[in-house]
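Student: I should like a close look at one helix of this model and at its packing partners. Please describe its neighbours and the residues concerned in one connected account.

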Amino acid sequence: MNDASAKPAGPVLSSAERVNTLSHFHRAEIARMAGWRDRLDRTTNWAITVVAAMLSVSLSTASAHHGVLLFAMLLILLLLWIEARRYRFFDFYRARVRQFERHYFAQIFSPQPDFASDWLLIVGEGLRAPKFLLSQRAALARRLRRNYIYLFLILLLAWGLKISTPSLQAAGVGTGFAGSLREAVDSAALGPIPGVAIIVIVAAFYASLLAIVFFAARDDGELSFGDVHV
C-alpha cells in the first residue's frame with residue numbers, strides 16, 4: 001500500500017508562513033464581518049426612517065388615514081425579515097473571528113494547556129462546507145428582541161392614538177380622545193373590513209411578537225446581557 005496517499009495534500013508551511021497566513025486570513029474575516037455589520041446598521045436605519053416618516057404623515061394631518069400606520073407595520077416586518085437574513089451572515093463571520101481571538105490570540109497572551117487544540121480543523125471544515133450557525137427564526141427573534149420590538153411598540157401607540165382621537169381623523173372635529181370605546185373601534189375600520197376585525201388582527205400580530213420576545217430561546221455565553229461581543 002502506498003503511504004503517500006495518507007499524507008496531507010496541502011502545503012507544509014514554516015512557522016513564519018503559518019503566522020503570516022493566519023494574520024491575513026484573520027484580517028479578511030474582520031473585513032467580512034464588518035461589511036455585514038454595516039448592512040445590519042443600514043437596515044435598522046431604514047426601519048427607523050420608515051417609522052419616523054409614517055408617524056409624520058399620519059399624525060401631522062387629520063386627512064391622513066390610520067392605514068398608513070398599519071402599512072408601516074408591514075414595512076417594518078419586511079425589514080425585520082431582511083435584517084434577520086443579513087444577521088445570519090454576520091453571525092457566521094463573527095463566530096469565525098471569535099475563534100481566532102479565543103483560540104489563537106488569547107493563547108498567545110494568556111496560554112492555557114490543551115485549550116481547543118483542534119480549532120483550526122473546525123475553521124477548515126467551515127471553509128470547505130460553509131453552513132449557517134443560526135436559523136432564520138432564531139435570527140429574527142434576536143433582532144426583534146434587540147431593536148425592532150421598540151419600533152413596533154411606537155407604531156402601536158401611534159395607531160392607538162390615531163383611532164382614539166377625533167381631532168386626528170378626517171371626520172373628527174373635536175378634541176381629546178374618543179367619547180366611547182365604540183367610536184374608537186368604528187374608527188379602526190379599513191375599507192370594507194370592520195374595525196373589530198382590524199383590532200383583532202393587530203392584537204394577534206402583537207401578541208405573536210411579544211411571545212417571540214419573551215418566550216423564544218434566550219441568548220447565552222458571549223451574547224448574553226452584559227458581555228461584550230463583536
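Tutor: The account below begins with the chain as a whole and then turns to the chosen helix.

The model is predicted: local features require a pLDDT of at least 70 and side-chain atom pairs count only at pLDDT 80 or more, while totals for chains, interfaces and linings use all residues. Residues are numbered from 1 along each chain as its sequence is written, and side-chain values use heavy atoms, with hydrogens and water left out.

The chain contains six helices and zero strands; helices are DSSP runs of H or I with at least four residues, strands are runs of E with at least two, and both are numbered from the N terminus. Read from the N terminus, the order of elements is α-α-α-α-α-α. Of the 230 residues, 34% count as buried, where buried means under 20% relative accessible area, exposed means over 50% and partly exposed lies in between, for a 1.4 Å probe and protein chains only. The accessible surface of the chain is about 14100 Å², and 65% of this surface belongs to carbon and sulfur atoms; the areas come from the Shrake-Rupley method with a 1.4 Å probe, and for residues only the protein chains shown count as cover. Among contacts in the chain with a separation of 6 or more, 76% join residues 24 or more positions apart, a contact being heavy atoms within 4.5 Å.

Confidence is given by pLDDT, the predictor's confidence in each residue from 0 to 100. The mean pLDDT of the chain is 84, and 83% of the residues reach 70 or more. Residues 1-6 have a pLDDT below 50, and this stretch has zero contacts in the model beyond near neighbours in sequence. Where pLDDT is low, the predicted coordinates should not be read in detail.

The helix chosen is H4, which spans residues 136-164. Two packed helices are described by the angle between their axes and the distance between the axes. Axes here are lines fitted to C-alpha atoms, for helices over the stretch in contact, and angles run from 0 to 180 degrees between N-to-C directions.

The first partner to consider is helix H6 (residues 195-215), whose axis comes within 9 Å of the axis of H4 and crosses it at roughly 150°. H4 is therefore roughly antiparallel to H6; angles under 35 degrees count as roughly parallel, over 145 as roughly antiparallel, 65 to 115 as roughly perpendicular and the rest as oblique. On the H4 side the contact includes Leu140, Leu144, Ile149, Phe152, Leu156 and Trp159, and on the H6 side it includes Ile198, Val202, Phe205, Tyr206 and Leu209. The crossing of H4 and H6 is left-handed, that is, the near helix is turned anticlockwise from the far one by less than a right angle, whereas a clockwise turn gives a right-handed crossing.

Helix H2 (residues 67-109) is another partner: the axes of H2 and H4 come within 8 Å and cross at roughly 165°. This makes H2 roughly antiparallel to H4, and the crossing of H2 and H4 is right-handed. H2 also packs against H1 at an angle of about 165°, with the axes 9 Å apart. H1 is thus roughly antiparallel to H2, and the crossing of H1 and H2 is left-handed.

Individual residues add detail to this picture. Gln136 lies in H4 and is buried, with a relative accessible area of 15%. Leaving aside residues up to four places away in sequence, Gln136 touches Trp81, Ala84, Arg85 and Arg88. Gln136 and Arg86 are 50 residues apart in sequence, yet their C-alpha atoms are 9.7 Å apart in space.

Ala158, also in H4, is buried at a relative accessible area of 5%. Beyond its neighbours within four places in sequence, Ala158 is in contact with Leu55, Leu59 and Leu69. The C-alpha atoms of Ala158 and Leu59 lie 7.8 Å apart, although 99 residues separate the pair in sequence.

Two residues of H1 complete the account. Ser58 lies in H1 (residues 15-60) and counts as buried because its relative accessibility is 0%. Its C-alpha atom is separated by 8.8 Å from that of Trp159, 101 residues away along the chain. With neighbours within four places set aside, Ser58 is in contact with Ala64, His65, Val68, Leu69 and Lys162. Thr44, likewise in H1, is buried with a relative accessible area of 14%. On the same exclusion of neighbours within four places, Thr44 is in contact with Glu83, Arg143, Asn147 and Tyr148.
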